[in-house]
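Trainee: Could you take me through the interior of this protein, slowly and with the cut-offs spelled out? I would also like to hear how the neighbouring parts fit in.

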Amino acid sequence: MIALEKAKRPLKGDVFVPGDKSISHRSIMFGALAKGTTEITGFLESADCLSTIDCFKKLGILIDHTIRPTHGVPTITVHGKGLHGLSAPDATLYTGNSGTTTRLMSGILAAQPFDSTITGDMSIEKRPMKRIMTPLNQMGADISSVLGNDCAPLHINGGKKLHGISYRNPVASAQVKSCIILAGLYADGETNVFEPALSRNHTEIMLSSFGADIHNEIARDGSAVAILKPGMPLVGTKINVPGDISSAAYFIAAALMVPGSELLIRNVGVNSTRCGIISILKQMGADITLLNRDDSQESRADILVKYSELHGNQNNRFEIGGKDIPTMIDELPVVAVLAATAGCDTIIKDAAELKVKESDRIATVVENLKAMGADVEPTDDGMIIHGGKPLHGADIRTYNDHRLAMSFAVAALAAEGTTRIIDDSCVMISYPSFFKDLQNLLQ
Ligand code: S3P
């Protein structure tokens with residue numbers, strides 16, 4: 001349990017946030033499938049990414065993840081064995097709380113010559129896996145839900161010959177897209193994954209840097225396709241992981257909520273498929289500037305954010321929906337917190353995917369916002385927040401969802417009285433030093 005009070009003074013200064021979670025997972029996975037060594041700097045040492053390391057160790061990959069200084073920078077080295085170098089695990093692969101590990105690994109395992117079983121914690125065992133089993137089985141794989149409930153544990157019978165497919169995913173999901181692409185690396189033809197909007201494209205960017213023939217095409221209506229031509233060897237490379245925009249989002253929100261604040265958040269990934277929060281908050285009146293932008297490989301920049309009063313468009317309302325949703329899906333809980341303090345009504349729609357994240361984030365965000373005195377109602381695909389009601393401290397139930405714990409720690413800074421985050425340890429999943437970093441800014 002951690003107790004937080006309303007911020008007594010503005011938040012000022014520089015912050016570095018830990019490495020991007022999505023990019024860190026992929027650096028280990030693709031490094032393992034490449035020939036030769038991959039050196040990773042900026043890697044996120046959090047529970048989720050350590051689950052990915054653990055799975056690959058069980059598949060026979062040597063990974064030096066003791067932080068050892070190379071030119072003064074902590075580096076993780078993955079000794080990749082090539083696409084066909086994994087060996088059969090002698091136990092079930094355990095992915096903890098990580099949906100990315102579970103779904104992307106399943107794509108890799110579906111193409112191996114050996115059998116495997118993969119599962120995670122109680123939250124993972126409730127999350128939908130049909131969305132990956134259907135396309136993988138269409139490719140010729142044999143993957144099934146052990147309990148027959150379309151959830152993990154998943155069992156994979158190995159030794160199947162995979163075929164490239166053209167798959168139309170009804171939702172924009174980088175986990176589904178990446179799972180299919182990883183299986184597609186082993187297929188005998190081209191793989192195309194269509195989605196209604198471009199989901200985060202870290203897989204495409206990073207696989208290209210390992211030598212794969214993969215690219216995105218985006219249609220006029222914003223729908224997208226990832227096209228992979230298999231056959232190119234993957235070769236170990238160097239990866240520098242930028243800071244995670246999803247972690248930076250908590251400090252962006254904190255600075256926007258506490259009057260007089262000004263924060264510079266350094267070296268944050270600003271890939272356009274992840275940056276919806278910045279453009280949406282700017283439309284709501286946020287003073288946010290990107291400095292020192294570097295667009296080589298994964299774009300990165302320093303984010304300067306100054307306290308601002310947020311407002312709506314016409315009729316004092318603001319709508320967030322459509323193609324913006326996939327670009328800020330993990331930031332919606334903290335955006336909902338900000339919306340509760342904004343001077344307008346905010347409608348979040350087209351975000352039914354929130355229900356199948358680490359918790360049902362429509363229900364859990366609404367429950368905790370209400371506990372703090374906000375005027376908010378859930379909808380089938382989002383929520384309606386009538387901003388401007390004063391927030392008060394409350395006991396926050398996180399449901400072991402890291403993004404809930406961090407979002408409501410930010411809410412506490414604008415709430416009268418004490419807010420207690422009942423289970424704060426879940427921040428280990430993506431940002432182990434979050435409370436320490438926040439406290440440093442509050443002193
Ligand atoms: C992720 C994709 C997103 C996101 C998750 C990480 C990834 O999930 O919510 O936190 O690394 O590919 P979906 O693909 O289910 O939208």
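Mentor: Happy to; I will start with the core and then move outwards to a few other places.

First, some ground rules: this is a predicted model, in which local features need pLDDT of at least 70 and side-chain atom pairs count only at pLDDT 80 or more, while totals for chains, interfaces and linings use all residues. Residues are numbered from 1 along each chain as its sequence is written, and side-chain values use heavy atoms, with hydrogens and water left out.

Now the core itself. By nonpolar core I mean a set of buried Ala, Val, Leu, Ile, Met, Phe, Trp, Tyr and Cys residues joined through side-chain atoms within 4.5 Å. Buried stands for under 20% relative accessible area, exposed for over 50%, and partly exposed for anything in between, using a 1.4 Å probe and protein chains only. The largest nonpolar core has 84 residues, and those touching the most other members are Phe251, Ile265, Leu281, Phe408 and Phe434. Helix α7 (residues 245–257) supplies the largest share of this core, eleven residues. Helices here are DSSP runs of H or I with at least four residues, strands are runs of E with at least two, and both are numbered from the N terminus. Apart from this core lies another one, of 64 residues, including Phe56, Leu59, Ile63 and Met139.

Let us follow Phe434. Contact means heavy atoms within 4.5 Å. Setting aside neighbours within four places in sequence, Phe434 is in contact with Tyr250, Phe251, Met406, Ala409 and Val427. Phe434 belongs to helix α12 (residues 434–442), where Phe435, Asp437, Leu438, Leu441 and Leu442 are buried along with Phe434. Those buried residues sit on the same side of α12, because they cover an arc of only 160° around the axis; the arc is that of the directions from the helix axis to the C-beta atoms. What do the buried residues of α12 pack against? Their partners are β1 (2–4), β2, α7, β15 (262–269) and α11 (402–412).

One of those partners, β2, leads to our next stop. Between β2 (12–16) and α1 (21–33) there is a loop that holds Asp20. Asp20 has a relative accessible area of 2% and is therefore buried. Beyond neighbours within four places in sequence, Asp20 is in contact with Leu44, His202, Val241, Pro242, Gly243, Asp244, Ile245 and Arg274. Ser22 lies in helix α1. At 7% relative accessible area, Ser22 is buried. Not counting residues up to four places away in sequence, Ser22 touches Arg200, His202 and Arg274.

For another buried position, look at Val193 in strand β11 (residues 191–195). Val193 is buried, since its relative accessible area is 1%. Its contacts, leaving aside neighbours within four places in sequence, are Tyr167, Lys177, Ile180, Ile181, Ala224, Val225 and Ala226. Ser166 is 27 residues from Val193 along the chain, yet their C-alpha atoms are separated by 5.9 Å.

For contrast, take Gln283 in helix α8 (residues 276–283). Gln283 counts as partly exposed because its relative accessibility is 44%. Gln283 touches His311, Asn313 and Phe318, again not counting residues up to four places away in sequence. The C-alpha atoms of Gln283 and His311, which are 28 residues apart along the chain, are separated by 8.6 Å.

You may also wonder about the cysteines. How many disulfides does the structure hold? The answer is zero, taking a disulfide as a pair of cysteine sulfur atoms within 2.5 Å. For Cys151, the nearest cysteine sulfur belongs to Cys179 and is 15 Å away. Cys151 is buried, with a relative accessible area of 10%. For Cys179, the nearest cysteine sulfur is that of Cys55, 14 Å away. Cys179 is buried too, at a relative accessible area of 0%.

Finally, there is an open sheet of four strands, in the order β18-β19-β21-β20 with mixed pairing. Two strands pair if DSSP finds at least two bridges between them. The edge strands, each pairing on one side only, are β18 (317–320) and β20 (375–379). Strands β19 (residues 345–348) and β21 (residues 382–386) pair in the antiparallel sense over four bridges, and the bridge partner of Asp345 in β21 is His386.
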